[in-house]
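User: Could you take a close look at the surroundings of the ligand in this model, and then follow the chain outward from there into the neighbouring elements?

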Amino acid sequence: MKKIIAANWKNNGDKKFIKNYFEYFSKNLNNTNKNEIIFFPPDLYMDQVDKYKKQSNFRLGGQTLNTAGSDSDGSDLVLTSGTSSEMYIDNGCSYILIGHSEIRQFSNFLIDGPKMDRGLTESETIILALQGSDSLQVIFCVGENEDDKNAGDTHTILSEQLDDLCYLKVKPKKFIVAYEPVWAIGSGKIPTLEDISFIHRFIKSSILEKLSSLKEKDIMVLYGGSVNLKNAKDILCAPHVDGVLIGGASLKVKEFTSICNLKI
Ligand code: PGA
């Protein structure tokens, strides 16, 4: 099965960086595996990156969704700032990241915690992503922090986080989950390959247990957290790993291109 190789640029990049990046990427990409390559640039640079889409055959995604936008049903979900699912689609996006730990922790009260003020719960955010006929494909991020891991609570935390994705009335086209242990993000530390496989297997079974109508082929689990050229091949080849979500290393165009060119 083809894998997903996703670049989460976070809040990095400018016009010059993008031009240089794609001049190299377009020339040197040799995606013989036909993997699905996705770039998540900052919203303001979506259009710049979109220009190179045809040349290099990748998809675009948004990093976060936090408002219904101006063409919503007029409810009080329209916030100052943020990007709506319609705007992402209008700008050529087909994917959306939801629940990235940096967002969960940064705006805890907005997304994760009790619904306060005009905050959105994660389930509501997913529903917004799924609105409209040409909906965005959600990549739902889950992961335990270091304290959860040390307390032996990883499975409980993951199962609770997955509830938001599983108990929706409207279902995504495909269930794509990114397992990103919070302690591995940007730290240079990664779980062992056995742990990655075991947890990916757990995520798949947990979703199948919650939604018995699904088949395993409807679920993909990506790994994220300190993926680089040295460890990418082993991670991508580990059982139950359907792709990777890469932060820091995706900003280095030579490294990211080499990861996309790996023969898996
Ligand atoms: P990292 O980030 O690859 O720099 O650890 C991954 C992410 O935050 O998605």
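Analyst: What follows starts at the ligand and then moves along the chain segments linked to that site. The model is predicted, and the description below should be read with that in mind.

The ligand is surrounded by 13 residues, and the closest of these are Asn8, Ile185, Gly224, Gly247 and Gly248. Sorted by class, this shell holds 5 nonpolar, 7 polar and 1 charged residues.

One of the closest residues, Gly247, sits in the loop between strand E8 and helix H12, the latter spanning 253–261. Gly247 counts as buried because 22 other C-beta atoms lie within 10 Å, where the cut-off for that class is 20 or more. From Gly247 one can step across to Ser226: the two residues are 21 apart along the chain, and their C-alpha atoms are separated by 7.5 Å.

Ser226 lies in the loop between strand E7 (219–224) and helix H11 (229–237), and Gly224, another of the residues closest to the ligand, falls within the range given for that strand. Ser226 has a positive phi of about 60° although it is not a glycine, and this residue is buried, with 22 other C-beta atoms within 10 Å. Asn57 offers a second case of a positive phi in a residue other than glycine, with a value near 55°. Asn57 belongs to the loop between helix H3 (53–56) and strand E3 (59–62), and with 13 C-beta neighbours inside 10 Å it counts as partly exposed, whereas Ser226 is buried.

Beyond the loop that holds Ser226 comes helix H11, in which Ala232, Ile235 and Leu236 are the buried residues. Viewed down the axis of H11, these buried residues fall within an arc of 95°, so they line one face of the helix. Lys230, Asp234 and Cys237 are exposed on the other side of H11. Helix H7 (residues 122–130) can be read in a similar way, with Thr125, Ile126, Leu128 and Ala129 buried. Those residues cover an arc of only 155° around the axis, which puts them on the same side of H7.

Returning to strand E8, which covers residues 243–246, one finds Val244 there. Val244 is buried, having 25 other C-beta atoms within 10 Å. Its C-alpha atom is separated by 9.9 Å from that of Ile37, although the two residues are 207 apart along the chain.

Two further helices complete this view, namely H9 (residues 154–166) and H10 (residues 193–210), whose axes come within 10 Å and cross at roughly 50°. That angle makes H9 oblique to H10, and H9 passes H10 in a right-handed crossing. Within H10 lies Lys204, a residue that counts as buried because it has 20 C-beta neighbours inside 10 Å, and 20 or more is what that class requires. Lys204 is 27 residues from Val177 in sequence, and the two are 9.1 Å apart in space, C-alpha to C-alpha.

To return to the starting point, Gly247 is among the residues closest to the ligand, and the separation of 7.5 Å between its C-alpha atom and that of Ser226 links the ligand shell to the loop between E7 and H11.

Key:
Residues numbered from 1 in each chain as written. Predicted model: local features only at pLDDT ≥ 70, side-chain atom pairs only at ≥ 80, totals over all residues. Near = placed C-beta within 6 Å. Nonpolar A, V, L, I, M, F, W, Y, C, P; charged D, E, K, R; others polar. Buried ≥ 20, exposed ≤ 12 C-beta atoms within 10 Å, placed from the backbone. Helix = DSSP H or I, 4+ residues; strand = E, 2+ residues; numbered from the N terminus. Arc of directions from axis to C-beta. Axes fitted to C-alpha atoms, helices over the stretch in contact; angles between N-to-C directions. Parallel < 35°, antiparallel > 145°, perpendicular 65-115°, else oblique. Left-handed = near helix turned anticlockwise from the far one by under 90°.
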